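Reader: Could you take me through this model, beginning with how it was treated and then going into the details?

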Amino acid sequence: MTRLVVCAVPGVEARALAGHGAEGPRVVRTGAGPAEARAAARELPDHDALAVVGYGDALDDRLRPGDLFVATEVRGPSGTVPCPTAEPLAGLLERTAGGAAVHRGPLVTLDRAATGAERSRLAADGALVADMESAAPAEAADGRPFAAVSVIAGPPRRQPVDPAAMQAVGPALRAWAAAAGPRRLLLAGPRSFCAGVERAIEIVERALDLHGPPVYVRKQIVHNTHVVDELSARGAVFVDELDEVPPGAVTVFSAHGVAPAVRDEAGRLGLRVVDATCPLVAKVHAEARRFAASGHLVALIGHAGHEEVEGTLGEAPSSTVLVQTPADARALPADRPVAYLTQTTLAADEAGEVAAAITGRFPDAVGPHTDDICYATTNRQRAVAAVARDSDLVLVVGSANSSNSLRLVEVAEAHGTPAVLVDGPADIPLERLADARAIGLTAGASAPPSVLDAVVDALRGFGPVDAEERTVTVETTEFTLPKEVRTQ
């Protein structure tokens, strides 16, 4: 069992944390102020993980009394101590603290309460919270897992904190500490961005460089919250439909493709369109048109509501039927020849089962000349299967609306290994790490490498990590950019 020591200022914090019985952490009452905190830090009992819990003064007006705060670093007289596990801890508190606002950012330890110009200076340097106790325990951690959690106190600084604000902190710290320890990290390769995603993002970036903001994007350019947020910060405006776009504006179609009706609407509005449709999705669109023109009923294997599916269905709506399950395949009409196509981001086994049901009922059914499921989807599924068999838990980095990321979770689970989709470090399931000494890690084709790196950094904060690459293939595919954003 991980030996957790929690340093707490006297009073409500220590009582609330110590109220978890024999299984609770060892609580050390540090006393209020820097001198008392330094003295307590010199006499700490043996520990594997160390936390300091108290109250803090907000340096940013967005933080309100009663809010929780998790330090991403502690700035003190002797330097700065990083807290790489802050995001997973903050994420757990967001899920368990009964709706309390949870903030994270730099904490600065002072030898007195900050007032006036000093508060403004500290805030300008990026600090969100100030206290007088956290620096000494942070230094005493000496590289072991460390966390600093504060409840924002109202003025004056020593106003007592509502005990309810502390009730979620103790259990969260226990789960955080239980995650500490050495582990293996099995990195699936390939992972993260594929060529189509890189192309789509570059298209928006180049459109912004060429035309300046705003550049409008119909739907999410790719299904990832971090990508959308970063492009939004640069001036991209994401809209659901084209009637939200001013006439004549530069407009990018997402990587998932659009139906012909959308292209027609863009023409009527006089929009300057840049098409970021993935070339592999465009291939499926062309196949749908070809099969429909030859008199086939086109069975599109895919998931209802996905933007790629909606675009493909729109190519020949009177000749195309969405088929999601083998039962759907068995219900297809038999009044004309049947052809089938596949959404590019499906799991191969799932698509194969439905395709087998189609060909079982229609032995003469024809499929695409080459596999519709894109190379990147297939490669990432093979790679996650390769790490799942040796892992206690698989983490898949990706957003909840990313089809290819969700399929990676399903593939890992199909190999008998629990898997969790995480949009970033805050989603790391601390309560499941205690028994996970070998973690498989991958990322969907729309997830940025930087987010996966942040997840790795957070896992390293819990203890030594032995990282091993498991690469099933090396991808070399590249796609050209549309002429509208080429610079030469």
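Author: The conversation below moves from general points to a sheet, its helices, the cysteines and the rings.
Author: This is a predicted model, in which local features need pLDDT of at least 70 and side-chain atom pairs count only at pLDDT 80 or more, while totals for chains, interfaces and linings use all residues. Residues are numbered from 1 along each chain as its sequence is written, and side-chain values use heavy atoms, with hydrogens and water left out.

Reader: How many helices and strands does the chain have?
Author: There are 16 helices and 20 strands in the chain, where helices (H or I, at least four residues) and strands (E, at least two) are DSSP runs numbered from the N terminus. The C-alpha trace spans about 85 × 50 × 40 Å along its principal axes.

Reader: What share of the residues is buried?
Author: Of the 488 residues in the chain, 57% are buried, that is, under 20% relative accessible area with a 1.4 Å probe and protein chains only.

Reader: Turning to the open sheet of five strands, what is its order?
Author: The order is β18-β17-β19-β9-β20, with parallel pairing; two strands pair if DSSP finds at least two bridges between them. β18 (419–422) and β20 (465–471) are at the edges with a single partner strand each, so one side of each has no neighbour in the sheet. From one strand to the next, the twist averages 25 degrees.

Reader: Which helix packs on the sheet and touches β17, β18 and β19?
Author: That is helix α15 (residues 403–414), whose direction makes about 165 degrees with that of β18. Axes are lines fitted to C-alpha atoms, for helices over the stretch in contact (heavy atoms within 4.5 Å), and angles run from 0 to 180 degrees between N-to-C directions. Helix α16 (residues 449–460) lies across β9 (183–189), β17, β19 and β20, and runs at about 165 degrees to β19.

Reader: And how many disulfides are found in the whole structure?
Author: The search finds zero disulfides, a disulfide being a pair of cysteine sulfur atoms within 2.5 Å.

Reader: Why is Cys 7 without a bond?
Author: Its closest cysteine sulfur, in Cys 83, is 13 Å away, which is too far for a bond. Cys 7 is buried at 1% relative accessibility, and Cys 83 is buried with a relative accessible area of 3%.

Reader: Last topic: which residue lies over the face of Phe 291?
Author: Arg 290 does, at 4.4 Å from the ring centre. The rule requires NZ of Lys or CZ of Arg within 6 Å of the ring centre and within 35 degrees of the ring normal.

Key: Buried means under 20% relative accessible area, exposed over 50%, partly exposed in between (1.4 Å probe, protein chains only).
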